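Hi everyone, thanks for making time for this. Have the viewer open while I talk, and stop me whenever you like.

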Amino acid sequence: MEITRLHVGKRLSEVAIHNGTVYLAGQIADDTGADIVGQTREVLGHVDRLLAEAGSDKSCILMAQIFIADMADFEGMNTVWDEWVAAGHTPPRATVESKLANPACLVEIVVTAALR
């Protein structure tokens, strides 16, 4: 039972790969001064990059969990999501309003995907 971890830190790994499945840690924006559109674009860029490193891509997403700090930003986040998500491969998804660990973060996205 091999587990591969990428970007291992003291508190968490950004990626774990096991039995053909890729698990990403919650992804947040580095530019917390951006609005929901900017932060969502950056977060989805992190997702793309990490999935590629792991040998996957957005067409292989099995499940997405989205946490937004304020449901007033739901439409703005969805606009970016709809532009980004792979047509014909829209994954099951949950979106909830949540107080995030960093109050400047407007969105955090957790993804589970299959390897290509």
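Let's begin with Lys-99, which is exposed, with a relative accessible area of 83%. Keep in mind that this is a predicted model. Lys-99 sits in the loop between E5 and E6. If you draw a line from its C-alpha to that of Ala-54, you get 29 Å in space, for 45 residues in sequence.

Now for a residue with the opposite label. Gly-76 is found in helix H2, and with a relative accessible area of 18% it is buried, because the cut-off for that word is under 20%. What is Gly-76 in contact with, once neighbours within four places in sequence are left aside? The answer is Ile-36 and Val-37. The C-alpha atoms of Gly-76 and Ile-36 are separated by 6.3 Å, although their positions lie 40 residues apart along the chain.

Let's stay with H2. Gly-76 has buried company in that helix: Met-77, Asn-78, Val-80, Trp-81 and Trp-84 are buried too. And what do the buried residues of H2 pack against? They pack against helix H1, which covers 36–54, and against three strands: E4 at 61–68, E5 at 93–97 and E6 at 107–114.

Two of those names deserve a zoom, please: the tryptophans. The structure holds one aromatic pair. It is formed by Trp-81 and Trp-84, whose ring centres are 5.3 Å apart and whose planes meet at 50°, so the pair counts as tilted. Along the helix, these two are three residues apart in H2, which spans residues 74–84, and that separates them by about one helical turn. As a reminder, an α-helix has 3.6 residues a turn, so residues three or four places apart point the same way. Both tryptophans are buried.

Trp-81 has more to show us. Arg-93 lies over the face of this ring, 5.2 Å from the ring centre. Not counting residues up to four places away in sequence, Trp-81 touches Leu-44, Ala-64, Ile-66, Pro-91 and Arg-93.

That leads us to the core. In soluble globular proteins, nonpolar side chains tend to be buried together. Here the largest nonpolar core has 25 residues, and those touching the most other members are Val-22, Leu-24, Trp-81, Val-107 and Val-111. At least two residues each come from strand E2 (13–18), strand E3 (21–24), H1, E4, H2 and E6. Which element supplies the largest share of this core? That would be H1, with seven residues.

H1 turns up again at the largest pocket, where it gives three residues, the largest share of the lining. About 170 Å³ of space lies in that pocket. Its lining includes His-7, Glu-14, Asp-30, His-46 and Arg-49.

Let me pick out His-7 from that lining, since its backbone may catch your eye. His-7 lies in strand E1, residues 3–8. Its phi is near 55°, a positive value in a residue other than glycine. Buried or exposed? At 42% relative accessibility, His-7 counts as partly exposed.

Asn-19 also has a positive phi, near 50°, and it too is a residue other than glycine. Asn-19 is found in the loop between E2 and E3, and it is exposed, with a relative accessible area of 68%.

That's my tour, and I'm happy to take questions.

Conventions:
Residues are numbered from 1 along each chain as its sequence is written. This is a predicted model: local features need pLDDT of at least 70, side-chain atom pairs count only at pLDDT 80 or more; totals for chains, interfaces and linings use all residues. Side-chain values use heavy atoms; hydrogens and water are left out. Rings of Phe, Tyr and Trp (its six-membered ring) pair if their centres lie within 6.5 Å; planes under 30 degrees apart count as stacked, over 60 as edge-to-face and the rest as tilted. Helices (H or I, at least four residues) and strands (E, at least two) are DSSP runs, numbered from the N terminus. Buried means under 20% relative accessible area, exposed over 50%, partly exposed in between (1.4 Å probe, protein chains only). A charge sits over a ring if NZ of Lys or CZ of Arg is within 6 Å of the ring centre and within 35 degrees of the ring normal. Contact means heavy atoms within 4.5 Å. A nonpolar core is a set of buried Ala, Val, Leu, Ile, Met, Phe, Trp, Tyr and Cys residues joined through side-chain atoms within 4.5 Å. On a 1 Å grid over the protein atoms alone, a cavity is a set of points where a 1.4 Å probe fits but cannot get out, and a pocket is an open set with protein on both sides within 12 Å along at least five of seven lines; lining residues have an atom within 4 Å of a point. Grid points are joined across faces, edges and corners, and a volume is the space filled by probe spheres set on the points.
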